[in-house]
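These are my notebook entries on one protein chain. I set down what I looked up, entry by entry.

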Amino acid sequence: MAITQKSVKILWSASGGRCAFPGCWERLCYHEAEEAAPFTLGEMAHICGDKPGANRHDTMQSAPERDGYQNLILLCPTHHTLIDRKENEAEYTVAALHAMKAEHEARVLARIDQDAMTTKVDIARAILPLLEENRQSWAQYGPLSELARSQPHNLAVHAVWESERLSVIAPNNRKMSAELDAHRGLFDTSEQTVLTAFLQHARSYAKWVEDEIPYAAVRRFPVELDDLIRGLADDSA
């Protein structure tokens, strides 16, 4: 059995596209390399080794368990090699790697969290950079981007877009949704429809990137939210 696309997407999203080894935090997807195609460095390491004789191999694991998200940790090539060296098996135990993964994913979530906002202007100032980052990701690497159109069959280009969805757009959507949902009372009645549309978009987008629903079921991003947030931010300038 192979690692499923759903496990791949959950792992990359939860890891924020970064190496989970303590002190590393290396970015695992690159798309600014000069005169080079975009590429990914991330390696999905098995916590309990996938083959007999591999470090931490558990003969009692089923194939789905062995290749499931719970048994995977995202690492850079250097640290993947390090944890799988035979001489390091006593140090990088199953428990140690699960703890490493949990601490890393908690750090990713902590970077997404932010202090509560108290006014619409505060929210706009916090959300605008996230909206812009998502817009740039779509414009530069999305399926309608110049890069995708010029290299429609380039798997590396597609991998970069998939990484952007998992490690940039979906986490940004979660962060914006948390603030907007927690402070809906600050917005006028006329603005509630826009907020609802975005929250539905964010939820459906997250389900899509985790392979729970087809893309056709994703609610489109409401451009009115962009207008609202930019208008509030401009008024505060």
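**Entry 1. Terms.** Before placing any residue in a loop, I noted that helices and strands are DSSP runs, of at least four residues for a helix and at least two for a strand, numbered from the N terminus. I also noted that the model is predicted.

**Entry 2. Two residues with positive phi.** I looked up Arg56 and found it in the loop between strand S3 (43-46) and helix H2 (63-66). Its phi is positive, about 65°, although Arg56 is not a glycine. I then asked whether Arg56 is buried or exposed. Its relative accessible area is 8%, and the limit for buried is under 20%, so Arg56 counts as buried.

Trp25 is also not a glycine, yet it has a positive phi of about 60°. I located Trp25 in the loop between H1 and strand S1 (29-30). At 16% relative accessibility, Trp25 counts as buried. Over the face of the Trp25 ring lies Arg107, at 3.9 Å from the ring centre.

**Entry 3. The chain as a whole.** I recorded nine helices and four strands. Along the sequence they follow the pattern α-β-β-β-α-β-α-α-α-α-α-α-α. The C-alpha atoms fill a box of roughly 65 × 40 × 35 Å along the principal axes. The chain has 237 residues, and 43% of them count as buried. The accessible surface comes to about 12400 Å², and carbon and sulfur atoms hold 54% of it. Of the contacts with a separation of 6 or more, 68% are between residues 24 or more positions apart.

**Entry 4. Strands S3 and S4.** I asked how many bridges join S3 to S4. There are four, and the two strands run antiparallel. Ala45 stands opposite Ile73 in S4. I then examined the two faces of S4 and found both covered. Leu72 and Leu74 are buried on one side, and Ile73 and Leu75 are buried on the other.

**Entry 5. The nonpolar cores.** The largest nonpolar core has 30 residues. Those with the most contacts inside this core are Trp12, Phe21, Ile73, Leu75, Ile83 and Tyr205. I asked which elements supply at least two residues each to this core. They are helix H1 (5-15), strand S4 (72-75), helix H4 (94-112), H7 and H8. H7 gives the most, with five residues.

I listed the contacts of Ile83, leaving out residues up to four places away in sequence. Ile83 touches Phe21, Ala45, Asn55, Arg56, Leu75, Tyr92 and Leu97. Arg56 of Entry 2 is thus listed among the contacts of Ile83.

Apart from the largest core lies another one, of 18 residues. Its members include Ile127, Met176, Phe187 and Ala202.

**Entry 6. Aromatic pairs.** I found five aromatic pairs in the structure. I asked why Trp138 and Trp161 count as edge-to-face. Planes over 60 degrees apart count as edge-to-face; the planes of Trp138 and Trp161 stand at 70°, with ring centres 5.8 Å apart, so the pair is edge-to-face. This pair links distant parts of the chain, with Trp138 in helix H5 (residues 120-141) and Trp161 in helix H7 (residues 155-182), 23 residues apart. Trp138 is partly exposed at 35% relative accessibility, whereas Trp161 is buried at 7%.

Next I looked up Phe198 and Phe221. Their ring centres are 6.1 Å apart and their planes are at 85°, so this pair is edge-to-face. Phe198 lies in helix H8 (residues 189-209), and Phe221 in the loop between H8 and helix H9 (223-236), 23 residues apart. Phe198 is buried, with a relative accessible area of 0%, while Phe221 is partly exposed at 32%.

I also noted a cluster in which ring pairs link Tyr205, Trp208 and Tyr215. Tyr205 is listed as well among the residues with the most contacts inside the largest core.

**Entry 7. Ser7 and Tyr69.** Ser7 lies in helix H1. At 9% relative accessibility, Ser7 counts as buried. I asked which residues Ser7 touches, not counting those up to four places away in sequence. They are Asp67, Gly68, Tyr69 and Leu72. Over the face of Tyr69 lies Lys101, at 3.7 Å from the ring centre.

Notes. Residues numbered from 1 in each chain as written. Predicted model: local features only at pLDDT ≥ 70, side-chain atom pairs only at ≥ 80, totals over all residues. Heavy atoms only, no water. Phe/Tyr/Trp six-rings, centres within 6.5 Å; stacked < 30°, edge-to-face > 60°. Buried < 20%, exposed > 50% of the residue type's maximum accessible area, 1.4 Å probe, protein only. Lys NZ or Arg CZ within 6 Å of the ring centre and 35° of its normal. Core = buried A, V, L, I, M, F, W, Y, C linked by side-chain atoms within 4.5 Å. Contact = heavy atoms within 4.5 Å. Pairing = 2+ DSSP bridges. Areas by Shrake-Rupley, 256 points an atom, 1.4 Å probe, with all protein chains shown as cover.
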